[in-house]
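These are notes for a first reading of the structure, set out as numbered points. Please keep the sequence and the 3D view open while going through them.

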Amino acid sequence: PLPPAGLNLTIPNVSGTLPPAREDPVPPPPSLPPVLGPGGIPPWWILHGVKPEGPEKDMGSSTAISFSKEQQKQFGVDEDGNIVDKATFKKAIFGRGSSLPPPLPAAGLDLTIPNSGT
């Protein structure tokens with residue numbers, strides 16, 4: 001249907017420019033050890049029942065966990081629990097005696113059990 005006679009339906013002409021958009025208006029948080037894994041899942045040490053045994057790290061307004069030198073060597077991780085040696089990590093996780101495969105792998109880590117050829 002047509003609008004009633006005498007009704008002005010013109011759209012005003014708006015001119016000018018918008019201010020430039022800021023790509024990252026909020027600065028990133030300081031570098032902290034991961035609290036959650038990829039997709040919001042817990043980190044690997046919680047999923048696999050590993051208790052970080054290193055000293056607490058002072059992060060200013062908070063503290064963070066750390067892994068002992070022994071754990072770093074055993075699991076192939078750095079002091080923050082980041083995987084640095086995937087082969088060592090896989091061997092340590094599978095060597096924990098669990099009859100079930102790990103529930104969720106760490107980011108970018110394939111934890112499929114290799115075929116023994118039998």
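1. Status and layout. This is a predicted model. The protein has 3 helices and 2 strands, and from the N terminus on the elements run α-β-β-α-α. Helix H1 covers residues 44-47 and helix H3 covers residues 86-94. Strand E2 is 63-64 and helix H2 is 69-75, while strand E1 takes residues 57-58.

2. Surface and burial. Of the 118 residues in the protein, 24% are buried. The exposed area is about 9,300 Å², and carbon and sulfur atoms supply 60% of it. Among contacts between residues at least 6 apart in sequence, 27% join residues at least 24 apart.

3. The nonpolar core. Which residues make up the largest nonpolar core? There are 9 of them: Trp44, Trp45, Val50, Phe67, Phe75, Val77, Phe89, Ala92 and Ile93. Helices H1 and H3 each supply at least two residues of this core. The largest share, 3 residues, comes from H3. As general background, nonpolar side chains in soluble globular proteins tend to be buried together.

4. Aromatic pairs, beginning with Trp44. The count comes to 5 aromatic pairs. One of them joins Trp44 and Phe89 in an edge-to-face arrangement, with 5.0 Å centre to centre and 85° between the planes. Trp44 lies in helix H1 and Phe89 in helix H3, so this pair ties together parts that are 45 residues apart in sequence. Are these two rings buried or exposed? Trp44 counts as buried because its relative accessibility is 7%, under the 20% limit. Phe89 is buried as well, with a relative accessible area of 1%.

5. The pair at Trp45. Trp45 and Phe67 also form an edge-to-face pair, 5.2 Å centre to centre with 75° between the planes. Trp45 is in helix H1, whereas Phe67 is in the loop between strand E2 and helix H2, so the pair links parts that are 22 residues apart in sequence. Trp45 has 6% relative accessibility and therefore counts as buried. For Phe67 the value is 2%, so Phe67 is buried too.

6. The aromatic cluster. Trp44, Trp45, Phe67, Phe75 and Phe89 form one aromatic cluster. Each of these five names also appears in the list of the largest nonpolar core. A reader can trace the cluster in the 3D view by starting from the Trp44 and Phe89 pair and then turning to the Trp45 and Phe67 pair.

7. Salt bridges. How many salt bridges are there? The count comes to 2. In one, Glu79 is paired with Lys57, and the closest N and O atoms are 3.6 Å apart. Glu79 lies in the loop between H2 and H3 and Lys57 in strand E1, so this bridge ties together parts that are 22 residues apart in sequence. Glu79 is partly exposed because its relative accessible area of 39% falls between the 20% and 50% limits. Lys57, at 19%, is under the 20% limit and so counts as buried.

8. The second bridge and the network. The side chains of Lys57 and Asp80 meet in a salt bridge at 2.6 Å, N to O. This pair links strand E1 with the loop between H2 and H3, and its two residues are 23 residues apart. Both Lys57 and Asp80 are buried. Through shared partners, the salt bridges join Lys57, Glu79 and Asp80 into one network.

9. Ser68. Ser68 lies in the loop between E2 and H2, the loop that also holds Phe67. Ser68 has a relative accessible area of 10%, so Ser68 is buried. Not counting residues up to four places away in sequence, Ser68 touches Glu53 and Gly54.

10. Lys73. Where is Lys73 placed? Lys73 is in helix H2. Its relative accessibility is 72%, over the 50% limit, so Lys73 counts as exposed. Lys73 and Asp85 are 12 residues apart in sequence, and their C-alpha atoms are 9.3 Å apart in space.

Notes. Residues numbered from 1 in each chain as written. Predicted model: local features only at pLDDT ≥ 70, side-chain atom pairs only at ≥ 80, totals over all residues. Heavy atoms only, no water. Phe/Tyr/Trp six-rings, centres within 6.5 Å; stacked < 30°, edge-to-face > 60°. Helix = DSSP H or I, 4+ residues; strand = E, 2+ residues; numbered from the N terminus. Buried < 20%, exposed > 50% of the residue type's maximum accessible area, 1.4 Å probe, protein only. Salt bridge = Lys/Arg side-chain N within 4 Å of Asp/Glu carboxyl O. Contact = heavy atoms within 4.5 Å. Areas by Shrake-Rupley, 256 points an atom, 1.4 Å probe, with all protein chains shown as cover. Core = buried A, V, L, I, M, F, W, Y, C linked by side-chain atoms within 4.5 Å.
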